[in-house]
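Here's a short tour of one protein model, so have the sequence and the 3D view ready. We'll look at an arginine, two cysteines and a pocket.

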Amino acid sequence: MDKPAMMFDRDHEWAALARFVTDPQPGATLGVVSGRRRQGKTFLLDAVCTAAGGFYFGATEATDSESLRRISAALTAYGSPPTPYHFTDWFEVVDALLALGRDRPVPVVIDEFPYLAKANAELPSIIQQAFRPLRRERSESRTRLLLCGSALSLMGKLLAGNAPLRGRAGLELVVRTLDHRLAARFWEITDPHLALRVNAIVGGTPAYRKEFARGDSPSGPEDFDDWVVRTVLSPESPLFREARYLLAEEPDLRDTTLYHSVLAAVAEGNATRSGMAGYLERKAADIAHPINVLEDAGLLHRDADVFRDNRPAYRIAEPLVGFYHAVMRPVWDQLERPGSAGRIWQASRRRFASNILGPHFEQVCRDWASHHADPDLLGGLPARVGHGVVNDAARRTGHEVDVAVVGIGDGRKAPLLLIGEAKWNDVMGMGHLDRLRHVRSLVACGGRYDTAPTRLACFSGAGFTDELRALAARSDSDVLLVDLAELYGEP
């Protein structure tokens with residue numbers, strides 16, 4: 001199957017789906033496709049059905065009986081049976097879907113599956129029964145049934161633990177957001193400094209450019225401020241209320257007020273449970289549930305501290321949500337007034353740099369170490385990339401490490417391949433390097449990691465002093481300098 005020419009990237013996802021839906025082996029198979037909203041899952045699956053002559057059904061928020069009527073009509077239009085379908089329950093529906101694959105492998109997509117499961121909680125169990133290994137309707141079918149959804153809290157549980165469909169799926173595909181390099185290509189931005197600023201606001205969600213911004217991309221660095229005003233902060237733009245809608249669309253978020261407050265606490269720099277609790281003036285136990293729900297929904301991500309056990313830090317996983325809480329929500333009433341966006345943005349640029357750009361740059365640096373850096377450059381293959389705090393008992397303080405790369409231990413003490421500091425606006429020099437050397441010595445004294453191979457990395461969006469560049473260029477240097485060109489794979 002050839003991937004549509006208009007589809008950007010998604011080579012891995014297309015190849016995985018193509019293998020699954022064209023598998024000639026007998027027996028119907030089940031796949032689960034998930035991912036956060038606006039990532040292009042529907043476009044991807046609809047294209048697969050078109051290419052392979054399959055059946056696509058997009059569920060909506062409806063009662064169980066209405067959904068049965070809708071899928072009856074859709075299957076009738078697809079298959080043109082002698083008499084129209086009038087299904088009375090989902091057992092009949094699933095058997096009709098299995099019948100589509102009697103003669104050849106046929107992709108069958110049920111999109112927004114969580115809507116159906118919300119209206120009929122027995123639906124996963126019904127599918128489980130229909131896909132029993134020795135059941136004739138399954139063994140004589142080559143239907144490739146794909147269940148898709150954006151409600152990660154539900155999709156993540158379909159195949160987990162004691163869930164009915166555990167062990168039934170032959171494909172579990174997560175359609176992820178575009179990383180910073182792919183996002184720059186998608187937005188057609190060649191300046192890495194501009195690309196990172198745009199990425200810090202809209203992330204790698206494809207729909208935000210094509211549908212929400214209607215293809216509007218900053219024409220250059222000088223256009224960035226105007227672009228923010230006209231596409232993100234304008235009340236007439238779909239991006240303006242998108243962050244609020246993302247929470248409202250999650251089925252497990254009943255009272256969104258508390259969840260917004262938790263996200264606001266993180267956007268203000270309160271990355272720990274105790275910090276969030278203090279910001280909200282609540283006990284830590286009181287916010288455990290909303291934190292877990294936000295994690296399940298893919299809006300909050302927990303990062304373990306590389307140097308201290310049981311000290312996780314949290315970050316907002318969707319950049320647009322972080323931007324909303326740090327920049328937009330505090331002045332929402334003013335932003336809703338037409339013509340106010342330009343004045344508000346000018347007053348918010350410093351807050352954007354400190355609360356959004358700085359932390360986002362650090363995360364991009366960690367992503368680079370995880371997914372793009374040559375293992376030879378790091379001194380080995382990363383087993384874990386994160387950040388953390390190294391305790392300094394003598395000075396009664398803790399030193400934050402923005403990037404920490406741990407290698408594979410192979411039965412021995414795990415090697416700490418790299419520790420790094422990331423500065424978006426600062427030209428980095430010898431003072432930053434001296435701090436990293438001190439931190440490395442503290443880690444060595446702690447004995448948790450092997451620091452013999454540890455390299456010291458400076459990540460900067462503003463550059464490095466000549467003295468630091470000269471030191472890093474020496475053949476015996478353990479210093480690594482990473483600028484924006486390196487982060488974005490520029491020659």
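Which helix does R440 lie in? R440 is part of α21, which covers residues 430-446; helices here are DSSP runs of H or I with at least four residues, numbered from the N terminus. Keep in mind that this is a predicted model, where local features need pLDDT of at least 70 and side-chain atom pairs count only at pLDDT 80 or more, while totals for chains, interfaces and linings use all residues. Residues are numbered from 1 along each chain as its sequence is written, and side-chain values use heavy atoms, with hydrogens and water left out.

Leaving aside residues up to four places away in sequence, R440 touches I419, T451, T454, L456 and D478 (contact means heavy atoms within 4.5 Å).

Here's how R440 and the two cysteines score for burial (buried is under 20% relative accessible area, exposed over 50%, partly exposed in between, with a 1.4 Å probe and protein chains only):

| Residue | Relative accessible area | Class |
|---|---|---|
| R440 | 18% | buried |
| C365 | 0% | buried |
| C458 | 0% | buried |

How many disulfides does the structure hold? Zero, with a disulfide being a pair of cysteine sulfur atoms within 2.5 Å. For C365, the nearest cysteine sulfur is that of C458, 11 Å away. That's too far for a bond, so C458 doesn't pair with C365.

Terms used. Helices (H or I, at least four residues) and strands (E, at least two) are DSSP runs, numbered from the N terminus.
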